[in-house]
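Let's take a friendly walk through this protein together. Have a look at the fold below, and then we will go through it piece by piece.

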Amino acid sequence: MTAVGEYGVVTVAGRALSRAQVEDFLYEEADILDAWRYDDWLALFAEGARYEIPTTDYGGWSLHESGSFVDDDYDLLRARVKRLKSRKAHAENPHSRTHRLVSNVRAFAHEDKLRVTASFVVHRARDGQFDTYVGRYEHLLLPTDDGLRFWLRRSILTHEALPPGARLSFIL
């Protein structure tokens, strides 16, 4: 695994990618999610991609062994977006107000993909309650002719447990 090298560039699948490009991708995703533009968010995924949120006791093992809050293949991801956009998502109708912060972005070559880690804080306001979700991202990004795309989007909460009333009915 090769980290971003000299001049902040890493080469993956013959493409030179800068840390700034990776950061811009993550910042754009945060803006899209805060604006609830879920069709645009889904367009950031390569067909066949996964979206995962392991449980708070995750230790790096398989989600199928440890459990997860979310373990969506691409078809389930599309269904999640469709549901969140409909009135059937009662837990998000009207939708939460969110504000995301992304920092400490690191990028590494990983075979034909880009392994990206970052820290996140998501503030969520809904029904008079204000929650803060803190964690780290562990993504695999696929460089394409149309830009970077998620191959794996994993949000790992650093909470010991979710507080009472906390919901993951939105995209973390």
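A residue counts as exposed when its relative accessible area is over 50%, and as buried when that value is under 20%. Please keep in mind that the model is predicted.

**A loop residue to start with**

A13 sits in the loop that joins β2 (9-12) to β3 (15-18). Is A13 buried or exposed? With a relative accessible area of 51%, A13 is exposed, because exposed means over 50%. Its backbone also deserves a glance: phi of A13 is near 50°, a positive value in a residue other than glycine.

**The overall fold**

Four helices and nine strands make up the protein. From one end of the sequence to the other, they follow the pattern β-β-β-α-α-β-α-β-α-β-β-β-β. The protein has 172 residues, and 47% of them count as buried. About 8900 Å² is exposed by the protein, with carbon and sulfur atoms supplying 49% of that area. Among contacts with a separation of 6 or more, 58% are accounted for by residues 24 or more positions apart.

**The nonpolar core**

In soluble globular proteins, nonpolar side chains tend to be buried together. Here the largest nonpolar core has 43 residues, and V22, L26, W41, L114 and L172 touch the most other members. Which helix provides the largest share of this core? That is α1, with six residues.

L172 is a good residue to click on in your viewer. Leaving aside neighbours within four places in sequence, its contacts include Y51, I53, F120, V122, Y133 and Y137. R100, R153, S155 and L157 are also among the contacts of L172.

**Helix α1**

Helix α1 covers residues 19-34. At 1.5 Å a residue, its 16 residues should span 22 Å, and the end C-alpha atoms are indeed 22 Å apart. The buried residues of α1 are V22, F25, L26, E29, A30, I32 and L33. These residues cover an arc of only 165° around the axis, which puts them on the same side of α1. They pack against β3, α2, β6 (97-110), β7 (113-126), β8 (129-144) and β9.

A30 gives a closer view of that side. It is buried, with a relative accessible area of 7%. Beyond its neighbours within four places in sequence, A30 is in contact with R100 and V102. The C-alpha atoms of A30 and F120 are separated by 9.8 Å, although the two residues are 90 residues apart along the chain.

Just after α1 comes W36, which takes a positive phi of about 55°. W36 belongs to the loop between α1 and α2, and it is buried, with a relative accessible area of 14%.

**Helix α4**

Helix α4 (residues 74-85) has 12 residues and reaches 17 Å from its first C-alpha to its last, close to the 16 Å expected at 1.5 Å a residue. Y74, L77, R80, V81 and L84 are buried in α4. Why can these residues be said to line one face of the helix? Seen down the axis of α4, they fall within an arc of 110°, so they line one face. The cover over them includes α2 (38-42), β4 (45-54) and β5 (68-72). At the N-terminal end, D73 caps α4, with a side-chain oxygen 3.2 Å from the backbone nitrogen of D75.

**After the last strand**

H159 lies in the segment after β9, and E160 is found in the segment after β9 (147-157) as well. H159 is buried, with a relative accessible area of 16%, whereas E160 is exposed at 78%. The side chain of H159 reaches the backbone nitrogen of V134 at 3.0 Å. Apart from neighbours within four places in sequence, H159 is in contact with T56, T132, Y133 and V134. As for E160, its C-alpha atom is separated from that of T55 by 9.6 Å, with their positions 105 residues apart along the chain.

Here are the residues discussed above, set out by their accessibility.

| Residue | State | Relative accessible area |
|---|---|---|
| A13 | exposed | 51% |
| A30 | buried | 7% |
| W36 | buried | 14% |
| H159 | buried | 16% |
| E160 | exposed | 78% |

Technical notes: Residues numbered from 1 in each chain as written. Predicted model: local features only at pLDDT ≥ 70, side-chain atom pairs only at ≥ 80, totals over all residues. Heavy atoms only, no water. Helix = DSSP H or I, 4+ residues; strand = E, 2+ residues; numbered from the N terminus. Expected span 1.5 Å × (residues − 1). Buried < 20%, exposed > 50% of the residue type's maximum accessible area, 1.4 Å probe, protein only. Arc of directions from axis to C-beta. Contact = heavy atoms within 4.5 Å. Polar contact = N/O pair within 3.5 Å; in protein donor to acceptor, adjacent residues only side chain to side chain. Areas by Shrake-Rupley, 256 points an atom, 1.4 Å probe, with all protein chains shown as cover. Core = buried A, V, L, I, M, F, W, Y, C linked by side-chain atoms within 4.5 Å.
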